[in-house]
Amino acid sequence: MTRPTAPGTQRSPADARRRLASPTVAMLPRVADSLSFLYLDIVRIHQDDTGVCAEITSERRGTETVYLPTAALSCVLLGPGTSITARALATLARHGTTVLITGSGAVRCYAAALPDSLTTTWLERQTRTWADDTQRLAVATAMYEKRFGPATVPAATTLAQLRGLEGQRVKAHYQLLARQYKIGRFRRAYDPASWATQDPVNLALSAANTCLYGVVHAAILALGCSPALGYVHNGNQQAFVYDIADLYKADLTIPLAFSLHASTNPEAEARRSFRDGLRLFKLLPRIVADIQHLLDPHTTHDVPDPDEQLVDLWDPVVGTIPGGTNHAAIT
């Protein structure tokens, strides 16, 4: 709601544009309501009085300007040939948009610019379950069970057995899709040193998986969790991203990659098809709900309202005490 202008004062169009470009908390969508991702390359991204825009220059059409829906994007993937200004990065950060620096075709992620987290509630839950071996094992087991489906894993199954069952499941899935699309034997291969020699299915799968990692990464950061604290994967800054992404590959990226076995440009088609398919699968709400359920399976939670979030204080006796309060009278 816009505050009424005082009598006798006038606002210029530039002032109005600046107000629209500066988001308030009420204007920002929840991560579950955001769009998926946007891949850009060979563009210049900057901020003007209206918003963040991408300039595309070509010999035939000259320079074109496209405005980006920053408040509705969960992440932006910047490929080779892109440049971005500090003002544009600041606007993306205020909107909670993750910016990932990727290789050609968004195949590899090299770095990320992270927005400020609104709360540490889920980071604290993640840290507690990750640091305790018993709880970490329970979360890792729940991840495997989620992939297999309910009531399909015996209670006494060990983590090593679950890894073996998952390996067999993925191999059988590859074989089934290979027969369905009549492409003969398929072997998963990822070798950046000989990228151009790989078959279309492997190229499409790598491209789609990288886009999936970007969306999962953005959801993890929007919840305030750490992408480095994984339960199944370990020793990598993307460990938790790989954990969560593995929940969806069998339904999303693997069938998509096999459907592009005859494509002449499998990487680009995989990115476009994956982006379009996210709306059908409503992936972001699923990611948010799945992370929350894995970290706290006994309680129903939602993303906290940022208007209601205050910085609390830690106490060794009672745990958390309210912040924003003068505690001098207590001492």
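## A walk through the helices and their contacts

Arg275 has its place in helix H9 (residues 266-281). Helices here are DSSP runs of H or I with at least four residues, strands are E runs of at least two, and both are numbered from the N terminus. What you're looking at is a predicted model, where local features need pLDDT of at least 70 and side-chain atom pairs count only at pLDDT 80 or more, while totals for chains, interfaces and linings use all residues. Residues are numbered from 1 along each chain as its sequence is written, and side-chain values use heavy atoms, with hydrogens and water left out.

Back to Arg275: with a relative accessible area of 28%, Arg275 is partly exposed. That label comes from simple cut-offs: buried is under 20% relative accessible area, exposed is over 50%, and partly exposed is in between (1.4 Å probe, protein chains only). Arg275 and Leu212 are 63 residues apart along the chain, and their C-alpha atoms are separated by 9.3 Å.

**Helix H6 and what follows**

H6 is a good helix to look at next. Its 24 residues reach 35 Å from the first C-alpha to the last, close to the 34 Å expected at 1.5 Å a residue; the expected span is 1.5 Å times one less than the number of residues. Is H6 mostly covered or mostly open? Mostly covered, with 21 of its 24 residues buried.

At the N-terminal end of H6, Asp199 acts as a cap, with a side-chain oxygen 3.1 Å from the backbone nitrogen of Val201. For a polar contact, an N or O atom pair must be within 3.5 Å; within protein, one must be able to donate a hydrogen and the other to accept it, and residues adjacent in sequence count only if both atoms are side-chain atoms. Just after H6, Gly224 takes a positive phi of about 90°.

Follow the loop between H6 and H7 and you'll find Gln238, which counts as buried at 17% relative accessibility. Leaving aside residues up to four places away in sequence, Gln238 touches His217 and Pro227, where contact means heavy atoms within 4.5 Å.

**Helix H5**

H5 has 23 residues and reaches 33 Å from its first C-alpha to its last, close to the 33 Å expected at 1.5 Å a residue. Leu162, Glu166, Tyr174, Leu177 and Ala178 are buried in H5. An α-helix has 3.6 residues a turn, so residues three or four places apart point the same way. The buried residues of H5 pack against H4, H6 and helix H8 (253-259). Just after H5, Lys182 has a positive phi of about 55°.

**Salt bridges**

How many salt bridges does the structure hold? There are 6, each being a side-chain nitrogen of Lys or Arg within 4 Å of a carboxyl oxygen of Asp or Glu. Here are some of them:

| Pair | N to O distance |
|---|---|
| Asp296 and Arg125 | 2.9 Å |
| Lys146 and Asp290 | 3.2 Å |
| Arg147 and Glu166 | 3.1 Å |

Arg147 lies in helix H4 and Glu166 in helix H5 (residues 159-181), so this pair ties together parts that are 19 residues apart in sequence. Arg147 is buried, at 10% relative accessible area, and Glu166 is buried at 9%. Arg147, Glu166 and Arg169 are linked in a network of salt bridges.

In the Lys146 and Asp290 pair, Lys146 is partly exposed at 38%, whereas Asp290 is buried at 12%. As for Asp296 and Arg125, Asp296 counts as buried at 10% relative accessibility, and Arg125 counts as partly exposed at 25%.

**Rings and charges**

Arg125 turns up again over the face of Trp122, 5.1 Å from the ring centre. Another case is Arg271, whose charged end sits over the ring of Tyr39, 4.5 Å from its centre. A charge sits over a ring if NZ of Lys or CZ of Arg is within 6 Å of the ring centre and within 35 degrees of the ring normal.

Rings also pair with each other. Those of Phe, Tyr and Trp (its six-membered ring) pair if their centres lie within 6.5 Å; planes under 30 degrees apart count as stacked, over 60 as edge-to-face and the rest as tilted. By this rule there are 5 aromatic pairs. The rings of Tyr213 and Tyr242 have centres 5.0 Å apart and planes at 65°, so that pair is edge-to-face. It links distant parts of the chain, with Tyr213 in helix H6 (residues 200-223) and Tyr242 in helix H7 (residues 239-245), 29 residues apart. Tyr174, Phe186 and Phe258 form one aromatic cluster.
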